[in-house]
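Work through these exercises with the structure in view. Try each task before reading its solution.

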Amino acid sequence: QVQLVESGGGLVQPGGSLRLSCAASGSIFSIGTMGWYRQTPGKERELVATITKPGSANYADSVKGRFTISRDNAKNTVYLQMNSLKPEDTAVYYCNADIRRSIGRNAMPYWGKGTLVTVSS
């Protein structure tokens with residue numbers, strides 16, 4: 001069993017900051033790329049940022065320069081620092097990770113249940 005648990009969402013005013021965390025736990029042999037996605041009602045889930053195990057990051061154009069993704073491999077945790085938040089950043093944010101559960105198995109994508117971020121005055 002593998003679980004991804006997000007935390008850190010909430011209500012913030014425009015221009016404010018939030019830090020999301022996502023911890024992976026359970027039967028884990030190794031974790032590859034980790035990332036954050038977001039979704040608003042009626043829209044498809046979209047990529048926000050991803051980070052490889054060595055630390056190479058990739059961002060959606062809409063968040064470049066405002067969001068920073070990082071990870072702590074020892075803690076199986078990925079973070080998303082969100083600065084200069086805008087109302088259009090309001091969404092449910094989901095954590096994703098490519099996890100290999102044993103040495104003989106392929107990595108599979110796992111998802112957290114999501115955390116709501118609301119940017120409003």
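**Exercise 1.** How many positive and how many negative side chains does the protein chain have, and how far apart do the centres of the two sets lie?

*Solution.* Keep in mind that this is a predicted model. Step one: count the charges. The protein chain has 14 positive side chains and 8 negative ones. Step two: compare the centres. The centres of the two sets lie 8 Å apart.

**Exercise 2.** Describe the fold elements of the protein chain, then its overall dimensions.

*Solution.* Step one: list the elements. The protein chain holds 11 strands and zero helices. From the N terminus on, the order reads β-β-β-β-β-β-β-β-β-β-β. Step two: judge compactness. The radius of gyration is 14 Å, close to the 14 Å from the globule rule for 121 residues, so the protein chain is as compact as a globular protein of that length. Step three: take the box. Along the principal axes, the C-alpha atoms fill roughly 50 × 25 × 25 Å.

**Exercise 3.** What share of the residues is buried, and what share of the accessible surface belongs to carbon and sulfur atoms?

*Solution.* Step one: look inside. Of the 121 residues, 38% are buried. Step two: look outside. The accessible surface comes to about 6,600 Å². Carbon and sulfur atoms own 48% of that surface. Step three: check the contacts. Among contacts with a separation of 6 or more, 55% join residues 24 or more positions apart.

**Exercise 4.** Is Asn96 buried or exposed? Which residues does Asn96 touch, leaving out those up to four places away in sequence?

*Solution.* Step one: place the residue. Asn96 sits in strand β9, residues 91-100. Step two: apply the cut-off. Buried means under 20% relative accessible area. Asn96 has 9% relative accessibility, so Asn96 counts as buried. Step three: name the neighbours. Asn96 touches Leu4, Thr33, Met34, Gly35, Tyr37, Pro109, Tyr110 and Trp111, with residues up to four places away not counted. Step four: find the polar partner. The Asn96 side chain reaches the backbone oxygen of Tyr110 at 3.4 Å.

**Exercise 5.** Where are Asn76 and Ser84 placed, and what is the sign of phi in each?

*Solution.* Step one: take Asn76. Asn76 lies in the loop between β7 (67-72) and β8 (77-82). Its phi is near 50°, a positive value in a residue other than glycine. With a relative accessible area of 24%, Asn76 is partly exposed. Step two: take Ser84. Ser84 lies in the loop between β8 and β9. Ser84 is not a glycine, yet its phi is positive, about 50°. At 42% relative accessibility, Ser84 is partly exposed.

Methods
Residues numbered from 1 in each chain as written. Predicted model: local features only at pLDDT ≥ 70, side-chain atom pairs only at ≥ 80, totals over all residues. Heavy atoms only, no water. Helix = DSSP H or I, 4+ residues; strand = E, 2+ residues; numbered from the N terminus. Buried < 20%, exposed > 50% of the residue type's maximum accessible area, 1.4 Å probe, protein only. Polar contact = N/O pair within 3.5 Å; in protein donor to acceptor, adjacent residues only side chain to side chain. Contact = heavy atoms within 4.5 Å. Rg over C-alpha atoms; globule rule 2.2 N^0.38 Å. Areas by Shrake-Rupley, 256 points an atom, 1.4 Å probe, with all protein chains shown as cover. Lys, Arg positive; Asp, Glu negative; His and termini not counted. Charge placed at Lys NZ, Arg CZ, Asp CG, Glu CD.
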